[in-house]
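Reader: I would like a close look at one part of this model, the helix packing and the loop that goes with it. Please take it piece by piece and give the cut-offs as you go.

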Amino acid sequence: GIEIGMAHGYFLIGPFVSLGPLRATPEAATVGLLCGCAIIGIVSVGGLIFGTTIKPTRFDREGDKPAAGFIEMINWHAVGGLGGAGFAHALLTLFGSLHATF
């Protein structure tokens with residue numbers, strides 16, 4: 001789940017930075033980070049609600065409660081998504097000045 005979350009968090013902030021209403025401002029990377037984190041949060045809450053109500057058993061180990069593996073995967077997806085968005089924000093903040101030179 002953490003690898004899936006890292007990938008999603010990393011690429012989710014790009015459209016907000018490049019195409020958002022604040023794209024020409026210095027705050028574009030921060031707004032992209034906040035929007036990416038909001039989307040990761042919404043998707044994670046939706047996944048937790050799904051896991052609690054439907055109780056999928058695909059990721060369960062032997063002897064676990066129903067949906068324990070799915071809920072664990074969603075939790076790690078949230079952690080990875082926030083980490084991926086933070087990493088992308090750090091790269092945009094540190095190397096964003098290179099865009100002006102090219």
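Author: What follows goes through the helix pairs, then the loop, then two buried positions.

The model is predicted, so local features are given only at pLDDT of at least 70 and side-chain atom pairs only at pLDDT 80 or more, while totals for chains, interfaces and linings use all residues. Residues are numbered from 1 along each chain as its sequence is written, and side-chain values use heavy atoms, with hydrogens and water left out.

Two packed helices are described by the angle between their axes and the distance between the axes. Axes here are lines fitted to C-alpha atoms, for helices over the stretch in contact, and angles run from 0 to 180 degrees between N-to-C directions. Helices are DSSP runs (H or I, at least four residues), numbered from the N terminus.

Helix H2 covers residues 28–54 and helix H3 residues 68–95; their axes come within 9 Å and cross at roughly 175°. That makes H2 roughly antiparallel to H3, the term for angles over 145 degrees, where under 35 is roughly parallel, 65 to 115 roughly perpendicular and the rest oblique. The residues of this contact divide into 14 nonpolar, 11 polar and no charged. In that division Ala, Val, Leu, Ile, Met, Phe, Trp, Tyr, Cys and Pro count as nonpolar, Asp, Glu, Lys and Arg as charged, and the others, Gly among them, as polar.

Helix H1, residues 2–19, packs on H2 at an angle of about 130°, with the axes 8 Å apart. That makes H1 oblique to H2. The crossing of H1 and H2 is right-handed, meaning that the near helix is turned clockwise from the far one by less than a right angle (anticlockwise would be left-handed). On the H1 side the contact (heavy atoms within 4.5 Å) is made by His-8, Gly-9, Leu-12, Ile-13, Phe-16 and Val-17. H2 contributes residues including Ala-28, Gly-32, Cys-35 and Ile-40. The residues of the contact of H1 with H2 divide into 10 nonpolar, 4 polar and no charged.

Now the loop between H2 and H3. Lys-55 lies in this loop and has a positive phi of about 55° although it is not a glycine. At 41% relative accessibility, Lys-55 is partly exposed, where buried means under 20%, exposed over 50% and partly exposed in between (1.4 Å probe, protein chains only). Ala-67 is in the loop between H2 and H3 too, and its phi is also positive, near 75°. Ala-67, however, is buried, at 1% relative accessibility.

The count of salt bridges comes to 1, a salt bridge being a side-chain nitrogen of Lys or Arg within 4 Å of a carboxyl oxygen of Asp or Glu. Glu-72 forms it with Arg-61, the closest N and O atoms being 3.6 Å apart. Glu-72 lies in helix H3 and Arg-61 in the loop between H2 and H3, so the pair ties together parts that are 11 residues apart in sequence. Glu-72 is partly exposed at 33%, and Arg-61 is exposed at 55%.

Two buried positions remain. Ser-44, in helix H2, is buried at 6% relative accessibility. Leaving aside neighbours within four places in sequence, Ser-44 is in contact with Ile-74, His-77 and Ala-78. Gly-84, in helix H3, is buried at 2%. With neighbours within four places again left aside, Gly-84 is in contact with Met-6, Gly-9 and Tyr-10. The C-alpha atoms of Gly-84 and Lys-55 are separated by 27 Å.
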